[in-house]
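Please open the structure in the viewer and keep the sequence panel visible beside it. The tour proceeds by selection, one stop at a time.

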Amino acid sequence: MAIVSSAEAGLRAASRATIVQLRAPGLSTRDLEHHATLLVASSPVPVLVSSRCDVALACGAAGVNLPEHDISTPDARTLIGEGLVGRSVHTIEGAVAAEAEGADYVIFGPVWPSSTHAGVEPAGVVALAEVARAVRIPVLAIGGVHEDRIEESRRAGAAGYAAIRAFE
């Protein structure tokens, strides 16, 4: 999963990713909707919008990814319907709760040190493996994931990975 902050970055990433998440908290709602609409219209892969069910619906996105302390998964599901609802989590308990609430997948991390998660203690590969064993839904590793760590993430049980810097 490529996590990007603009339509342009999303379109560049779409050639290397299986899904694109538009995460641009600094944009106004209007600008976010503009970028999301452009991305959805042109991307060859599904597009998710971070934290904004309204924008995801308005632009026809495939779904939404929610930070751990955002609206509940059931409330997002009510709004999104059959679209994807994912949850970013930082603990095994968060992953189990997300699955119990009906999330389609979780993004877990940071697994390794990451400049986009500065000051946050990385959870490590052992924790990633524990989360992957604890839930039946796909788990994506995030945080410090680069080419050399993709296979390690998969060996730990992750279905894939999410990255910000690798795609921006």
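The stops below begin with the sheet, continue to the helices, and end with the charged pairs.

**Before starting**

This is a predicted model, in which local features need pLDDT of at least 70 and side-chain atom pairs count only at pLDDT 80 or more, while totals for chains, interfaces and linings use all residues. Residues are numbered from 1 along each chain as its sequence is written, and side-chain values use heavy atoms, with hydrogens and water left out.

**Stop 1: the sheet**

Display the strands. They form an open sheet of eight strands in the order β1-β2-β3-β4-β5-β6-β7-β8, with parallel pairing. Strands β1 (2-4) and β8 (160-161) stand at the edges with a single partner strand each, so one side of each has no neighbour in the sheet. Two strands count as paired if DSSP finds at least two bridges between them. Helices (H or I, at least four residues) and strands (E, at least two) are DSSP runs, numbered from the N terminus.

**Stop 2: strand β5 and its neighbours**

Select residues 84-89, which make up strand β5. Is this strand mostly covered or mostly uncovered? It is mostly covered, with five of its six residues buried; buried means under 20% relative accessible area, exposed over 50%, and partly exposed in between (1.4 Å probe, protein chains only).

Next, add strand β4 (residues 63-66), which pairs with β5 in the parallel sense over four bridges. Within this pairing, Val64 has Val85 of β5 as its bridge partner. Then add strand β6 (residues 105-108), which also pairs with β5 in the parallel sense over four bridges. Here Val89 stands opposite Phe108 in β6.

Now show the connecting helices. Helix α4 (residues 73-80) joins β4 and β5 in a right-handed β-α-β unit, and helix α5 (residues 92-101) does so with β5 and β6. A crossover is right-handed if, with the strands pointing away from the viewer, the path from the first strand over the helix to the second runs clockwise.

**Stop 3: strands β2 and β3 with helix α2**

Select residues 20-22 and 47-50, strands β2 and β3, which pair in the parallel sense over three bridges. Leu22 has Val49 in β3 as its bridge partner. Helix α2 (residues 29-42) lies across both strands, running at about 165 degrees to β2. Axes are lines fitted to C-alpha atoms, for helices over the stretch in contact (heavy atoms within 4.5 Å); angles run from 0 to 180 degrees between N-to-C directions.

**Stop 4: helix α6 and Glu130**

Select residues 125-134, helix α6, where Glu130 is found. Helix α6 lies across β6 and β7 (139-141), running at about 165 degrees to β7. Glu130 is partly exposed, at a relative accessible area of 37%. Glu130 lies 26 residues from Ala156 in sequence, and their C-alpha atoms are 8.3 Å apart.

**Stop 5: the salt bridges**

How many salt bridges does the structure hold? There are two, a salt bridge being a side-chain nitrogen of Lys or Arg within 4 Å of a carboxyl oxygen of Asp or Glu.

Select Asp54 and Arg52, whose closest N and O atoms are 2.7 Å apart. Asp54 is partly exposed at 42% relative accessibility, and Arg52 is partly exposed at 25%.

Finally, select Asp104 and Arg77, whose side chains meet at 2.9 Å, N to O. This pair links distant parts of the chain, 27 residues apart: Asp104 is in the loop between α5 and β6, and Arg77 is in helix α4. Asp104 is partly exposed at 28% relative accessibility, as is Arg77 at 23%.
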